[in-house]
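Biologist: Before the terms are used, please tie each one to its cut-off. Here is the model.

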Amino acid sequence: MATMAECRTALDRLSDNLASADGDVRGAAALNRSLSCRVTDLDVTFTGRLENGRITVLDTQPGPPREKAEIRLAMTGDDLVAMVAGELDFARAWTSGRVRLEAGFRDLLKLRSLL
C-alpha cells in the first residue's frame, strides 16, 4: 500500500508532467479549477488547484473532501502511484471504476485529452 508521502510525491510528479506537456495535454492542463484527489485506502484527501498547467496541493485532510472541488478524483494510493509512473493506463482504470473522475461536462471534454 502506497504511503501518504508516496502519494504526495506522485501528485508533484504529475504536476511536473503536466507543466512540461505540449499540444492537447497542455491545453487541458491550462484549466483554472479547484481540485481534490481522494486516496481511498489511506482515507485522506489532497486539495488544491489546477492552474497554469500545474497542480498545486494546498491542503491534506483526513476523510472525504470537506468542499466539492470542480475536478474530483478518487482512487487507491497504489493506483495513483502506478498511473503517474505510467504503469496503469488512466482510461482503462477510469472505465473499469478503479479511478473516479468527476467534473463539469465542459471540463470533462477538455480533460479527455489527458486520457
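Modeller: Helix H1 (residues 4-19) lies across E1, E2 and E3 and runs at about 160 degrees to E3. The model is predicted, so local features need pLDDT of at least 70 and side-chain atom pairs pLDDT 80 or more, while totals for chains, interfaces and linings use all residues. Residues are numbered from 1 along each chain as its sequence is written, and side-chain values use heavy atoms, without hydrogens and water.

Biologist: What makes H1 a helix and E3 a strand?

Modeller: Both are DSSP runs numbered from the N terminus: a helix is H or I with at least four residues, a strand is E with at least two. H1 spans residues 4-19 and E3 spans residues 54-62, so both qualify under that definition.

Biologist: How do you know that E2 and E3 pair?

Modeller: Pairing requires at least two bridges found by DSSP between two strands. E2 (residues 44-51) and E3 are joined by 8 bridges and run antiparallel, so they pair by that rule. Leu 50 stands opposite Ile 55, and Thr 45 opposite Gln 61.

Biologist: Why is E3 called an edge strand?

Modeller: The open sheet has 5 strands in the order E3-E2-E1-E4-E5, with mixed pairing. E3 and E5 (100-103) each pair on one side only, hence the name.

Biologist: What makes the lining of the second largest pocket 4 nonpolar, 5 polar and 4 charged residues?

Modeller: Ala, Val, Leu, Ile, Met, Phe, Trp, Tyr, Cys and Pro count as nonpolar, Asp, Glu, Lys and Arg as charged, and the others, Gly among them, as polar. The lining's 4, 5 and 4 are the nonpolar, polar and charged residues, respectively.

Methods: Contact means heavy atoms within 4.5 Å. Axes are lines fitted to C-alpha atoms, for helices over the stretch in contact, and angles run from 0 to 180 degrees between N-to-C directions.
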